[in-house]
2 protein chains.
Amino acid sequence: MTLTLDGRLAPLNWSPENCSIRRTLDLLGPASSILILREALYGTRRFDQFAERLGMSETSIAARLKQLTQAGVLERQQYREPGSRPRDEYVLTQRGEDLAPTLLALMQWGDCYLQEGPAPLHLVDAAGEPVRVAFQRADGTTVAPEELHLRSAQDL
Amino acid sequence: MTLTLDGRLAPLNWSPENCSIRRTLDLLGPASSILILREALYGTRRFDQFAERLGMSETSIAARLKQLTQAGVLERQQYREPGSRPRDEYVLTQRGEDLAPTLLALMQWGDCYLQEGPAPLHLVDAAGEPVRVAFQRADGTTVAPEELHLRSAQDL
DNA sequence: CCGTATCCACAACGATACTG
DNA sequence: CAGTATCGTTGTGGATACGG
């Protein structure tokens, strides 16, 4: 596969700076931000749980949580356990949840190419059937990678 | 959505270090590696083209290309234009092409949340119909994000 | 429990100059 | 054209100590 950009390698109306991939990576920040989001997707919400599960220093955790909150993919929520004072926790916003395909596509690739033995986690549906990240049309039909093309907007 | 890990937030048989997302990020390296791969996916192959299109220094380009080659997602290929001496170019391996869902999921998210106005590039099939990254079962049927679960391997 | 402040180490990057 | 060598700057992170 090579996404042929409709046959041209450098369309005039597309510039490498005006690129959603670059802007998304800039917004999310370093790789440790992705790991924070992975934990958030798994259900981790509290500061010390992030720190413990990721094996990162509190300094880094605080910086990443603040950055991701400002980026709008996490938000602080107050909660109160009975008998305790109110605390904050960090939960995914809709924007953050929508990063799930990206994260799970990464996981899928690593499971395929970097995992020795069976993968530790499997993505399944409500009935336990395996689920994969794939390309599909609006009607839900699958698109093979060889059929993919990138079209620049002004070609329409 | 929260991927409930079958109801438990920290399954005993899964550790944050043994994680395909982390290992994949470690293998690929810094964010600029992802941008290199984006260019490779678009069809860029030659050293100076990477440097020019990404606006990065030759030092960084050389380091990233070497790293990605060692990681097995790019490989050097000799080519020879008529009348020129042979040169090297960097092309995606199968491993590298299989990162397309990850990169395009990133692009899709950025198009949705960071793009002002219409996206500059559209992912389409051979007939020009729009294509998205989505979750699906082995039989091709679509899975809604709310239906997703992560199951640890030893629960089988 | 949930962070912040300070200090230090290292990795990534751009700029520049240089080689086959 | 396709890199390598060196330098200086910045960003990221760990360790430690400290504050609400």
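The side chain of A:E58 places an N or O atom 3.4 Å from a base nitrogen of DNA strand C, a polar contact, that is, a pair of N or O atoms within 3.5 Å (within protein, one must be able to donate a hydrogen and the other to accept it, and residues adjacent in sequence count only if both atoms are side-chain atoms). Please note that this is a predicted model, in which local features need pLDDT of at least 70, side-chain atom pairs count only at pLDDT 80 or more, and totals for chains, interfaces and linings use all residues. Residues are numbered from 1 along each chain as its sequence is written, chains are lettered from A and ligands numbered from 1 in the order in which they are written, and side-chain values use heavy atoms, with hydrogens and water left out.

Let us stay with DNA strand C. Phosphate oxygens of this strand are also reached: one is 3.0 Å from a side-chain N or O atom of B:S57, and one is 3.0 Å from such an atom of B:S60. In total, 21 residues surround the strand, and A:D48, A:R76, B:S32, B:T59 and B:R64 come nearest; a residue is near if one of its heavy atoms lies within 4 Å. Sugar and phosphate make up 67% of the atoms of DNA strand C within 4 Å of the protein.

Which element gives the most to this surface? It is α4(A), with four residues. Helices here are DSSP runs (H or I, at least four residues), as are strands (E, at least two), numbered from the N terminus. The surface has six nonpolar, six polar and nine charged residues. Ala, Val, Leu, Ile, Met, Phe, Trp, Tyr, Cys and Pro count as nonpolar, Asp, Glu, Lys and Arg as charged, and the others, Gly among them, as polar.

I turn now to DNA strand D. Here 19 residues lie around the strand, and A:S32, A:T59, A:S60, A:R64 and B:D48 come nearest. The side chain of A:T59 has an N or O atom 2.8 Å from a base nitrogen, while that of A:R64 has one 2.9 Å from a phosphate oxygen. A polar side-chain atom of A:S57 lies 3.1 Å from a phosphate oxygen of DNA strand D. Of the strand atoms within 4 Å of the protein, 65% belong to sugar or phosphate and the rest to bases. For this surface, α4(B) gives the most, with four residues. The residues divide into five nonpolar, five polar and nine charged.
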